[in-house]
Amino acid sequence: MTYEILLAGFGGQGVLFAGKLLAYCALFEGKEISWLPSYGPEMRGGKCNCSVCISDEPIGSPKVLEPDLLVALNGPSFEAFLPTVKPGGKVFADSSLIDAACDRTDIDCYMVPATQMADDNNLQKGANIILLGKLLSETGLFSPETVRKALEKNTPASRAHTIDNNMRAIQLGMDYQ
Amino acid sequence: MEKVLMKGNEALAEAAIRAGCKCFFGYPITPQTELSEYLSKQMPKRGGVFLQAESEVAAINMVLGAAATGTRVMTSSSSPGVSLKSEGISYIAGSDVPALIINVQRGGPGLGGIQPSQADYWQATKGLGHGDFHLIILAPNSVQEVVNLVSKAFELGETYRTPVMLLSDGLLGQMMEPVAFPDIQANEADKSGWAADGTKMARPHHIVNSLYIEANDLEEIVRRRYERYAKIEETETMAECYLTDDAEIVVTAFGATSRIVKSAVNKARAEGIKVGMFRPITLWPFPKKELNTACANAKAVLSVEMSMGQMIDDVKLALNCKLPVSFYGRTGGVIPTPNEVLDEIRKLNGGAQ
């Protein structure tokens with residue numbers, strides 16, 4: 001089984017970090033993985049996306065052009081990449097920041113008010129992780145325990161307190177209906 | 001062996017330290033920066049020297065100085081920075097000292113862009129500076145192969161007393177993949193016959209130099225160097241053949257582009273097209289024999305590159321006009337897609353029937 005995942009938004013939203021968590025979860029399960037960032041010279045605010053391939057086979061092209069799973073964190077990426085999703089694919093989008101609706105019937109689109117949920121739960125900047133939680137509950141790709149391991153691996157000691165908050169964000173996303 | 005996720009640039013840096021690299025001199029440039037950033041943190045902790053020079057020109061001349069003492073040394077840059085270093089690289093080659101030079105290529109010419117490119121193929125294989133010389137050019141296509149080739153690069157350089165270039169690109173440098181670090185130390189060659197590492201008043205001076213005023217002397221030095229090149233060409237070529245045994249179409253690609261081509265070849269095979277891929281791992285020396293073997297059943301060859309077509313020259317020369325060679329490429333930082341390559345393969349397949 002191969003999953004081609006595209007995460008997209010603007011710089012500063014944690015696009016690359018969310019992709020890295022998925023990549024680490026796959027690493028713990030012994031999968032073949034590639035993680036490829038694409039961004040401009042801006043520190044934040046520029047267009048940013050991240051291709052993650054997870055497979056049992058060696059990975060050829062690491063650039064995801066027709067994702068099985070799309071995580072869209074803002075309007076421009078939702079509009080740009082929605083048409084590229086494979087039929088039967090799944091989309092996870094932050095409806096707090098996206099006005100457009102999904103106009104495709106051959107895919108499953110989950111609109112989650114992630115930014116609003118993050119603000120309501122004192123989890124500022126946690127929208128990326130909330131959407132990741134929704135992705136995990138709809139795909140069953142990885143367990144919350146594996147995500148916690150990935151978080152521990154990717155959080156420096158000085159930021160260790162963020163692990164519990166991020167796990168709370170995962171749970172919020174998983175529980176959102 | 002435990003695998004970790006690392007960017008190509010970081011993995012290259014870690015592999016260099018493990019291979020016994022003691023000095024790094026460089027100047028920052030995108031998309032190479034993670035490499036020098038990693039070394040700036042690690043080198044001082046692990047018995048090495050990291051120095052950010054005032055310019056690329058200064059950095060490459062520091063490399064020459066360290067190399068002259070027989071110290072394992074490297075520098076890294078990206079395309080415009082490598083151009084600045086070319087004078088020093090020629091001096092290093094002319095001084096017959098080993099050094100590792102990394103080029104994480106970006107789009108050019110000029111300042112170009114910061115996205116991946118392979119448009120420095122000609123520069124690397126044919127024109128890294130003035131004068132009669134070559135560098136050994138290694139072109140990995142995965143983060144694991146980057147790691148495996150770094151120790152090999154140091155060994156080759158010391159065995160043949162030549163600078164070696166590892167030709168990466170923005171895609172390979174920025175991409176994370178699982179990687180394991182095999183527990184091998186790169187063998188160190190005997191440098192006692194030439195290294196300028198102090199006479200201790202016990203031997204004559206070793207002079208490391210690239211200036212020979214007498215024409216006959218210079219010719220002799222260059223000829224001896226070319227004898228070493230002949231041996232390198234004979235024994236050190238490396239290539240990967242993928243599904244070429246029965247291939248009627250052979251696609252040639254190196255580095256990151258070969259990943260895209262592999263995906264396209266798999267798609268074409270699923271359509272029943274007899275296609276394979278040939279990937280040179282040494283760009284100089286170019287694996288000519290291996291290419292001819294891979295093309296034993298081929299009717300057509302396609303060179304795919306992230307450039308306007310540079311390696312295609314070597315493909316044509318190696319095949320000696322025996323087969324038609326066509327080209328497909330994207331440049332300026334645009335990455336070709338597997339479907340674009342598949343279309344080219346389909347066209348050739350239609351034409352061959």
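Begin by displaying chain A and chain B together: between them there are zero salt bridges. The model is a predicted one, and every stop below should be read in that light.

**Stop 1: the contact between the chains**

Keep both chains on screen and select the residues of each that touch the other. The selection should hold 21 residues from chain A and 21 residues from chain B. The area buried between the two chains is about 1600 Å², and carbon and sulfur atoms supply 65% of that area. On the side of chain A, highlight A:Leu27, A:Trp35 and A:Ser61, which lose the most area to chain B and together make up 27% of what that side buries. Although salt bridges between chain A and chain B number zero, there are seven residue pairs in polar contact across the two chains, counted with both residues at pLDDT 80 or more.

Next, colour chain A by secondary structure. Helix 1 (15-28) and strand 2 (32-39) of chain A are the elements that give two or more residues to the side touching chain B. Strand 2 of chain A gives the most, with six residues. Sorted by class, this side of chain A comprises 12 nonpolar, four polar and five charged residues.

**Stop 2: a salt bridge within chain A**

Over all chains, the whole structure contains 29 salt bridges. For one of them, select A:Asp56 and A:Lys31, whose closest N and O atoms are 2.9 Å apart. A:Asp56 sits in the loop between strand 3 (47-55) and strand 4 (69-72) of chain A, and A:Lys31 in the loop between helix 1 and strand 2 of chain A, so this pair ties together parts that are 25 residues apart in sequence.

**Stop 3: a five-stranded sheet in chain B**

Move to chain B and select strands 9, 11, 10, 13 and 14; in that order, these five strands form an open sheet with mixed pairing. Strand 9 (239-242) and strand 14 (325-329) of chain B are the edge strands, each pairing on one side only. On average, neighbouring strands of the sheet are turned by 20° against each other, direction ignored.

Within the sheet, isolate strand 10 (residues 249-252) and strand 13 (residues 300-305) of chain B, which run parallel and are joined by four bridges. Labelling B:Val251 will show B:Leu302 of strand 13 standing opposite.

Now add the helices. Helix 9 (residues 255-270) of chain B packs on the sheet and touches strand 9, strand 10, strand 11 (275-280) and strand 13; the direction of this helix makes about 165° with that of strand 11. Helix 11 (residues 311-319) of chain B lies across strand 10, strand 11, strand 13 and strand 14, running at about 155° to strand 13.

**Stop 4: backbone details in chain B**

Show the backbone as sticks and go to B:Thr30 and B:Pro31, where the peptide bond is cis with omega near 5°. B:Pro31 belongs to the loop between strand 2 (23-26) and helix 2 (33-42) of chain B. A cis peptide bond also joins B:Trp284 and B:Pro285, with omega about 0°. The loop that holds B:Pro285 runs between strand 12 (282-284) and helix 10 (288-294) of chain B.

Finish at B:Lys200, which is not a glycine yet has a positive phi of about 50°. Look for B:Lys200 in the loop between strand 8 (176-179) and helix 8 (215-235) of chain B.

Technical notes: Residues are numbered from 1 along each chain as its sequence is written. Chains are lettered from A and ligands numbered from 1 in the order in which they are written. This is a predicted model: local features need pLDDT of at least 70, side-chain atom pairs count only at pLDDT 80 or more; totals for chains, interfaces and linings use all residues. Side-chain values use heavy atoms; hydrogens and water are left out. Contact means heavy atoms within 4.5 Å. Buried area is the accessible area (1.4 Å probe) that two parts lose on being put together, summed over both. A salt bridge is a side-chain nitrogen of Lys or Arg within 4 Å of a carboxyl oxygen of Asp or Glu. A polar contact is a pair of N or O atoms within 3.5 Å; within protein, one must be able to donate a hydrogen and the other to accept it, and residues adjacent in sequence count only if both atoms are side-chain atoms. Ala, Val, Leu, Ile, Met, Phe, Trp, Tyr, Cys and Pro count as nonpolar, Asp, Glu, Lys and Arg as charged, and the others, Gly among them, as polar. Two strands pair if DSSP finds at least two bridges between them. Axes are lines fitted to C-alpha atoms, for helices over the stretch in contact, and angles run from 0 to 180 degrees between N-to-C directions.
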